[in-house]
Amino acid sequence: MTLPDTDPDAAVRRAVETVFRMERARLIGGLARMLRDIDLAEDLAQEALLAALADWPRSGIPVRPGAWLMATAKRRAIDRFRHRRMQARKLAELGHAPEDDGAAQVTAAEAAMDDDLGDEILGLIFAACHPLLTAEARVALTLRLIGGLTTDEIARAFLAKDATIAQRILRAKKTLGRAGLAWEIPEGDALKPRLASVLEVIYLVFNEGYAATAGDDLIRPALADEARRLGRILAAAMPAEAEIHGLCALMDLQASRFAARVAPDGSPVPLTAQNRRLWDRTLIRRGLDALSRTEASGGADGPYALQAALAACHARAGRAEDTDWPQIAGLYDRLAVVMPSPVVEVNRAVAHGVAFGPAAGLTLLAPLDGLPALAGYAPLQAAIGDMLARAGQPGEAQARFTRAASLASHPRERDFLLARAAACVV
């Protein structure tokens with residue numbers, strides 16, 4: 001018989017780790033703004049975690065654990081700078097370096113510790129999305145810093161190799177470090193050019209929460225909620241930007257389905273099989289309102305607005321059979337023009353297959369099968385399998401579902417696809 005874990009120290013350790021996961025991005029963002037050194041900020045955040053693991057089992061979890069972590073990290077930063085000042089003084093006495101350099105550095109650092117940090121996470125995103133970096137590097141670095149995602153998780157989001165992402169992040173940090181940037185929200189004309197990249201980052205963070213690439217859980221609501229919070233902050237700061245409202249609409253409409261997306265046994269539930277009574281009507285209303293603001297401001301053909309319009313088609317259908325698939329197919333046709341990508345083409349083919357028959361879907365999927373960019377993309381094989389099953393070709397469908405399962409990144413997804421393959425046997 002296994003007894004429940006009653007070790008109080010173990011419970012505190014779990015609490016520390018949970019708090020750190022929640023506060024990590026905010027902690028690194030605040031420290032990076034103060035110190036303008038992202039590597040040092042990450043080191044200090046880790047030191048604060050170690051300090052909490054040592055202190056909280058004895059003293060208890062503080063009322064404001066995030067503030068405790070930040071205060072501890074600040075003290076460690078000041079200690080480091082004071083140590084450098086001491087070294088500088090000793091070198092000055094030996095005639096190797098001017099003492100004033102170290103003293104000035106400590107003074108500046110201590111003054112920065114008292115600054116009003118604003119929204120540390122948003123400032124961290126905008127800094128990581130600086131035009132000095134390539135678009136791919138901006139997204140990879142921000143996913144690492146904000147979401148705390150591993151290089152493996154980011155690689156799956158990009159359909160890229162782990163080593164490629166790791167090098168991308170390392171080069172991005174070095175580039176920003178050499179530039180000596182302020183890790184804060186840009187103002188005026190500097191803000192708008194970086195907005196598209198920031199929106200991309202926020203949506204990728206949301207997607208990692210919406211469909212987790214690793215771990216036992218299919219969804220990570222806390223990560224998705226953080227992305228939605230950042231979207232709301234942007235919308236309030238830049239209310240005239242239609243695409244921000246489009247992204248907010250898309251995230252709210254997709255998040256409205258969280259409670260219905262996972263079965264009690266942890267397996268995924270397809271959209272058409274979900275219990276729509278579990279959908280969050282408040283989030284649906286909020287998403288539809290944001291979509292209306294986007295369309296009213298002339299942003300209906302923006303990529304996020306079009307994706308939100310697709311999600312709205314499902315949200316407005318009381319039953320799966322009421323879904324307007326021809327409208328969805330038309331929206332995907334428009335989306336493929338403004339945001340061309342192999343993944344969009346897969347989804348477009350699926351929509352046409354449901355709207356106009358499996359033959360239409362298979363015709364659009366055929367040129368995608370074998371594309372190098374989609375070689376490891378499980379949804380492509382699953383889509384082909386679904387269309388073949390609809391077309392009355394169970395043997396071929398089974399082979400595709402089995403292949404999709406072999407490519408699936410998540411064990412729950414793999415089990416689901418294997419079950420679909422087994423169901424094809426007649």
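**A walk through a helical chain**

Let's begin at one residue: leaving out residues up to four places away in sequence, Asp386 touches Phe401 and Arg420, where contact means heavy atoms within 4.5 Å. This is a predicted model, in which local features need pLDDT of at least 70 and side-chain atom pairs count only at pLDDT 80 or more, while totals for chains, interfaces and linings use all residues. Residues are numbered from 1 along each chain as its sequence is written, and side-chain values use heavy atoms, with hydrogens and water left out.

Asp386 sits in helix H18, residues 378–390. Helices (H or I, at least four residues) and strands (E, at least two) are DSSP runs, numbered from the N terminus. Is Asp386 buried or exposed? Asp386 counts as buried because its relative accessibility is 15%; buried means under 20% relative accessible area, exposed over 50%, and partly exposed in between, using a 1.4 Å probe and protein chains only.

Now step back to the whole chain. The chain has 20 helices and 0 strands, and 45% of its 426 residues count as buried. Among contacts between residues at least 6 apart in sequence, 64% join residues at least 24 apart. The accessible surface of the chain comes to about 20600 Å², and carbon and sulfur atoms hold 54% of that; accessible areas come from the Shrake-Rupley method with a 1.4 Å probe, and for residues only the protein chains shown count as cover.

Next, the interior. A nonpolar core is a set of buried Ala, Val, Leu, Ile, Met, Phe, Trp, Tyr and Cys residues joined through side-chain atoms within 4.5 Å. The largest nonpolar core has 101 residues, and Leu27, Leu31, Ile202 and Leu234 touch the most other members. H1 gives the largest share of this core, 11 residues. Apart from residues up to four places away in sequence, Leu31 touches Arg36, Ala41, Leu44, Ala45, Met70, Ala73 and Lys74. There is also a second, separate core of 20 residues, which includes Leu368, Ile384, Leu417 and Cys424.

Helix H5, residues 120–128, is a good place to look for covered residues: 9 of its 9 residues are buried. Among the buried residues of H5 are Glu120, Gly123 and Phe126. Phe126 counts as buried because its relative accessible area is 1%. Setting aside neighbours within four places in sequence, Phe126 is in contact with Glu184, Ile185, Pro186, Leu191, Arg194, Val198 and Leu234. The C-alpha atoms of Phe126 and Ala182 are 10.0 Å apart, with the two positions 56 residues apart in sequence numbering.

A second phenylalanine, Phe206, lies in helix H9, residues 195–210. With a relative accessible area of 0%, Phe206 is buried. Beyond residues up to four places away in sequence, Phe206 touches Ala224, Ala227, Arg228, Met251, Gln254 and Ala255. One of these pairs, Phe206 and Ala224, is 18 residues apart in sequence and 4.3 Å apart in space, C-alpha to C-alpha.

Cys248 belongs to helix H11, residues 242–255, and counts as buried at 9% relative accessibility. Its contacts, not counting residues up to four places away in sequence, are Gly231, Arg232 and Ala235. Cys248 and Ala227 are 21 residues apart in sequence and 9.2 Å apart from C-alpha to C-alpha. In helix H16, residues 342–356, you will find His352. His352 counts as buried too, at 13% relative accessibility, and, again leaving out residues up to four places away in sequence, touches Ala329, Asp333, Gly357, Ala360, Gly361 and Leu364.

Finally, which residues lie nearest the centre of the second largest pocket? They are Arg21, Met22, Gly147, Ala222 and Leu223, out of 16 lining residues. Helix H1 (8–35), helix H6 (135–147) and helix H10 (221–237) are the elements that each give two or more residues to this lining, with the largest share, 7 residues, coming from H1. On a 1 Å grid over the protein atoms alone, a pocket is an open set of points where a 1.4 Å probe fits, with protein on both sides within 12 Å along at least five of seven lines, and lining residues have an atom within 4 Å of a point. About 560 Å³ of space lies in the second largest pocket; grid points are joined across faces, edges and corners, and a volume is the space filled by probe spheres set on the points. By class, its lining has 6 nonpolar, 3 polar and 7 charged residues, where Ala, Val, Leu, Ile, Met, Phe, Trp, Tyr, Cys and Pro count as nonpolar, Asp, Glu, Lys and Arg as charged, and the others, Gly among them, as polar.
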